[in-house]
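Reader: Hi! I'm still getting used to looking at protein structures, and I'd love a close look at one part of this one. Could you walk me through it?

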Amino acid sequence: MVSAVSEAEKKAERSKQKITTVDLTFEAAGLDATIYISKSATPDVKTDKVLGTITNSNNTETVTADKAIKGQYVLVWITGVPQTATGGYQGGVAEVTVAGE
């Protein structure tokens with residue numbers, strides 16, 4: 001007997017991933033951010049779980065949860081960017097690596 005796995009079942013399985021750590025590389029130091037874990041492709045910061053926060057970042061940061069959080073999507077919500085030499089503000093995320101159980 002051959003068993004077919006539906007797309008809905010595959011999606012449900014992916015949403016059960018336990019995320020413990022997010023490594024981030026920023027384009028520049030000095031950013032503030034909150035890292036959310038969501039089960040939905042349309043995250044809701046009011047209900048999604050917070051993995052952690054970053055204040056005045058280095059160029060690379062690691063955010064580790066106290067307890068693994070189930071989810072499929074990672075949202076890096078930048079809440080503050082550093083001022084540039086010309087007086088403007090600029091920042092960005094160069095790389096994100098997610099690890100879990």
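What I'd like to know is this: is Val98 buried, partly exposed or exposed, and why?

Author: Sure! Keep in mind that this is a predicted model. Val98 is partly exposed, because its relative accessible area is 41%, and that category lies between the cut-offs of 20% for buried and 50% for exposed. You'll find Val98 in strand 6, which covers residues 93-100.

Now look at what surrounds that residue on the surface. Val98 belongs to a nonpolar patch of about 520 Å², together with Val74, Ile78, Val81, Tyr89, Val93 and Val96. Strand 6 gives the largest share of that patch, three residues. Strand 5 is the other element that gives two or more residues to the patch.

Let's follow strand 5, then, since it leads to another part of the picture. Strand 5 spans residues 73-80 and is an edge strand, pairing on one side only. It belongs to an open sheet of three strands, in the order 3-2-5, with antiparallel pairing. At the other edge sits strand 3, residues 49-54, which also pairs on one side only. From one strand to the next, the twist averages 20°.

Want to zoom in on one pairing? Take strand 2, residues 32-38: five bridges join it to strand 3, and the two run antiparallel. One pair to pick out on screen is Thr34, whose bridge partner in strand 3 is Thr53.

So there's your tour: from Val98 in strand 6, over the nonpolar patch, and on to the open sheet.

Definitions and conventions:
Residues numbered from 1 in each chain as written. Predicted model: local features only at pLDDT ≥ 70, side-chain atom pairs only at ≥ 80, totals over all residues. Heavy atoms only, no water. Pairing = 2+ DSSP bridges. Helix = DSSP H or I, 4+ residues; strand = E, 2+ residues; numbered from the N terminus. Axes fitted to C-alpha atoms, helices over the stretch in contact; angles between N-to-C directions. Patch = residues over 30% accessible without salt bridge, like charges linked within 9 Å, V, L, I, M, F, W, Y side chains within 5 Å. Areas by Shrake-Rupley, 256 points an atom, 1.4 Å probe, with all protein chains shown as cover. Salt bridge = Lys/Arg side-chain N within 4 Å of Asp/Glu carboxyl O. Buried < 20%, exposed > 50% of the residue type's maximum accessible area, 1.4 Å probe, protein only.
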